[in-house]
Amino acid sequence: GGVVLAGSAEAGAYFPQFASKAGARLDDVLGFGHWLIAREDINSPELAPFAEPLRLWLNMVQADAVLVRADRHVFGSGLSHQLSVAWQVKTGISQS
């Protein structure tokens, strides 16, 4: 297993592979590496095709954001700033 934010909803679980109505996959749009997906960003042009399933997933875990590891497992969910700080502390990798 990889690094997780203990006590965070869905930490360590596989993050769903959402597809847009046009058939685009979230993996293909966001590319390699880790992702920080915040509720406030899901209507951006990049994420808008996936906005509804992302919103439903964030509602399910009662979080404002999710940080997904490069292996597509959830590092943690919660507030985006707290996820960024915890990710940097645990991995040494800053969130750009």
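User: Hi! Which element of the protein chain has the lowest mean pLDDT, and which the highest?
Analyst: Hello! Helix 1, residues 26-30, has the lowest mean pLDDT among the elements, at 93. Strand 2, residues 65-68, has the highest, at 98. Keep in mind that this is a predicted model.

User: OK, and what is the mean pLDDT of the protein chain?
Analyst: The mean is 94, and 97% of the residues reach 70 or more.

User: Cool. How many helices and strands are there in the protein chain?
Analyst: There are 3 helices and 3 strands. Going along the sequence, they come in the pattern α-β-α-β-β-α.

User: And why is the chain called as compact as a globular protein of that length?
Analyst: Its radius of gyration is 12 Å, close to the 12 Å the globule rule gives for 96 residues, so the chain is as compact as a globular protein of that length. The C-alpha atoms fill a box of roughly 35 × 25 × 25 Å along the principal axes.

User: What about contacts between residues 24 or more positions apart?
Analyst: Those account for 55% of the contacts with a separation of 6 or more.

User: New topic: what share of the residues is buried?
Analyst: Buried residues make up 33% of the 96 in the chain. As for the accessible surface, the total is about 5,400 Å², and carbon and sulfur atoms hold 54% of that.

User: Last one! How many positive and negative side chains does the protein chain have?
Analyst: The chain has 7 positive and 9 negative side chains. The centres of those two sets lie 3 Å apart.

How values were computed: Residues numbered from 1 in each chain as written. Predicted model: local features only at pLDDT ≥ 70, side-chain atom pairs only at ≥ 80, totals over all residues. Heavy atoms only, no water. Helix = DSSP H or I, 4+ residues; strand = E, 2+ residues; numbered from the N terminus. Rg over C-alpha atoms; globule rule 2.2 N^0.38 Å. Buried < 20%, exposed > 50% of the residue type's maximum accessible area, 1.4 Å probe, protein only. Contact = heavy atoms within 4.5 Å. Areas by Shrake-Rupley, 256 points an atom, 1.4 Å probe, with all protein chains shown as cover. Lys, Arg positive; Asp, Glu negative; His and termini not counted. Charge placed at Lys NZ, Arg CZ, Asp CG, Glu CD. pLDDT = per-residue confidence, 0-100.
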